Amino acid sequence: MRRPGARAFFVAGLTGRMPISMIGLGIVILIARESGSYGLAGAVSGVAVIAGALTGPIQGRLVDRFGQRLLILIGSVLCTVGLAGLLIAVAMDAPSWALYVLSFVAGGTRPQVGSFVRARWTHLLGRGRALQTAFALEAVGDEVVFIVGPVLVTVLATQVSPYAALGAAGVLGLAGGIWLALLRASDPPGRGRSDGTERAPLPMLSLLLLSLIGLGLGATLGSAEVITIAFTAAEGQPGMSGVVLAVWAFGSLLAGLWYGSVHWRAPVERRLLLGCVALAVALAPLPWVGSVLMLGVVLFFAGLTIAPTMVAVTACVEEWVPPQRLTEAITWTVTGILLGVAPGNAAAGHAVDLWGPSKAYWVTVTIGIACALVASVSVTFARPRNRFAHN
């Protein structure tokens with residue numbers, strides 16, 4: 001944080017990232033309350049997630065080529081306009097297709113701030129221990145966003161208005177985006193087209209497997225969230241779901257702080273494999289928990305594996321990918337995490353309906369095991385020969 005400009009772009013990135021945890025929940029609360037249809041609310045929210053997944057890698061490529069400033073400014077404004085239009089459309093009882101279009105605009109134009117900030121750290125620090133600490137700090141920032149955002153949306157929706165809740169997401173995203181865009185000194189320069197470096201090949205198999213791990217992490221988070229809500233309700237303590245999920249995120253936050261303070265000598269791929277295996281092991285007791293208290297304990301220890309695994313994924317990307325295409329590559333893995341939440345939610349919801357909350361946790365456990373298997377394949381067969389020092 002003592003590096004020139006670091007504190008400013010970290011806080012700006014934290015602010016600009018708040019919509020990640022606010023838009024989906026805000027859309028569901030608003031549309032469900034105004035229309036009475038949770039199906040429509042979930043579908044409109046899902047469109048925003050899918051739009052972000054489709055446009056994320058494109059944003060990353062454009063940023064690597066032309067720099068961050070212009071894309072962040074345009075994206076922040078368009079995202080806010082899309083959210084404002086969605087608020088107006090809901091208030092005017094517009095047809096469903098209009099809600100889908102506006103949700104797509106808001107989700108598809110939202111700047112991939114997390115990827116952009118990680119690229120700024122790489123540009124500022126180069127490769128080494130400091131960069132790993134910075135990535136751990138960003139993982140902690142992600143956890144802060146996912147603790148504060150849902151609470152802020154819920155409070156605004158219940159105490160003020162669901163329109164205010166979704167509007168706050170737009171305001172925070174716009175403010176953080178503009179702030180980050182104005183910090184030009186830390187913006188990695190675009191490579192342009194003149195020297196042909198934008199054609200530097202990506203290790204696509206390695207990147208695909210890392211994105212699959214990200215997808216699995218997102219599905220783990222999404223499935224556990226839905227099942228935990230159902231479990232606490234079945235136990236007669238529905239109000240404890242937010243507390244239990246916050247404990248899970250807090251465990252990840254603590255692990256991120258610890259991870260960043262350690263000088264790691266093990267190769268990044270080994271840390272990735274150990275993180276995924278530890279996640280699978282920590283999730284294994286979930287189908288047998290018998291109380292909300294025990295659930296909180298298990299999820300706390302499972303949370304201790306989340307941030308280190310996410311940091312290891314980013315560290316692998318940083319080391320395996322040519323520097324001139326780093327933002328694009330990081331965006332692929334971040335997009336995988338976000339994209340995995342929706343199918344995780346859906347699979348968990350169906351499992352709860354079929355088997356009940358306790359047995360539904362087998363969905364989460366299975367996803368964790370799959371992550372470990374993909375990580376094993378990735379570090380054994382798909383590790384690139386080339387290593388890149390991003391100095």
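Biologist: Is Pro19 buried or exposed?

Modeller: This is a predicted model, in which local features need pLDDT of at least 70 and side-chain atom pairs count only at pLDDT 80 or more, while totals for chains, interfaces and linings use all residues. Residues are numbered from 1 along each chain as its sequence is written, and side-chain values use heavy atoms, with hydrogens and water left out. A residue is called buried under 20% relative accessible area, exposed over 50% and partly exposed in between, using a 1.4 Å probe and protein chains only. Pro19 has a relative accessible area of 3%, and therefore it counts as buried.

Biologist: In which helix does Pro19 lie?

Modeller: Helices (H or I, at least four residues) and strands (E, at least two) are DSSP runs, numbered from the N terminus. The run that covers residues 19-35 is the one concerned. Pro19 therefore lies in helix H2.

Biologist: What is the distance between the end C-alpha atoms of H2?

Modeller: The expected span of a helix is 1.5 Å times one less than its number of residues. H2 has 17 residues, so a span of 24 Å is expected. The computed distance agrees with this, at 23 Å.

Biologist: Which residue with a positive phi follows H2?

Modeller: Within H2 itself, the buried residues include Pro19, Met22, Ile23 and Leu30. After the helix comes a glycine with phi near 80 degrees. That residue is Gly36.

Biologist: Leaving aside neighbours within four places in sequence, with which residues is Pro19 in contact?

Modeller: Contact means heavy atoms within 4.5 Å. Val277 serves as a reference point elsewhere in the chain: it is 258 residues from Pro19 in sequence, and their C-alpha atoms are separated by 31 Å. With the sequence neighbours left aside, the contacts of Pro19 are Arg110, Ala169 and Gly173.

Biologist: What is the relative accessible area of Ala169?

Modeller: Ala169 belongs to helix H8 and touches Pro19, Met22, Ile23 and Leu83, not counting residues up to four places away in sequence. Ala169 is buried because its relative accessible area is 1%.

Biologist: Against which helices do the buried residues of H8 pack?

Modeller: H8 covers residues 162-182 and reaches 31 Å from its first C-alpha to its last, close to the 30 Å expected. Its buried residues include Pro162, Ala165, Gly173 and Leu180. The helices they pack against are H1 (6-17), H2, H4 (69-91), H6 (113-125) and H7 (129-159).

Biologist: How many of the residues of H6 are buried?

Modeller: H6 reaches 18 Å from its first C-alpha to its last, close to the 18 Å expected. Among its buried residues are Phe116, Arg118, Arg120 and Trp121, and the helix is followed by Gly126, whose phi is positive, near 70 degrees. H6 is mostly covered, and of its 13 residues the number buried is 11.

Biologist: What is the phi of Asp93?

Modeller: Most residues other than glycine have a negative phi. Asp93 lies in the loop between H4 and helix H5 (96-109), and it counts as exposed because its relative accessibility is 68%. Its phi is a positive value in a residue other than glycine, near 55 degrees.

Biologist: How far apart in space are Cys371 and Val277, C-alpha to C-alpha?

Modeller: Cys371 lies in helix H14 (residues 357-381) and counts as buried because its relative accessibility is 2%. Beyond its neighbours within four places in sequence, Cys371 is in contact with Ile213, Gly216, Leu217 and Cys276. Cys371 and Val277 are 94 residues apart in sequence, whereas their separation in space is 8.0 Å.

Biologist: How many helices does the protein chain have?

Modeller: Read along the sequence, the pattern of the chain is α-α-α-α-α-α-α-α-α-α-α-α-α-α. The count of strands is zero, and the count of helices is 14.

Biologist: What is the radius of gyration of the protein chain?

Modeller: The radius is taken over C-alpha atoms, and the globule rule is 2.2 Å times the number of residues to the power 0.38. The C-alpha atoms fill a box of roughly 60 × 45 × 35 Å along the principal axes, and 54% of the residues count as buried. A compact globule of 391 residues would have a radius of gyration near 21 Å, and the chain agrees with this, at 20 Å.
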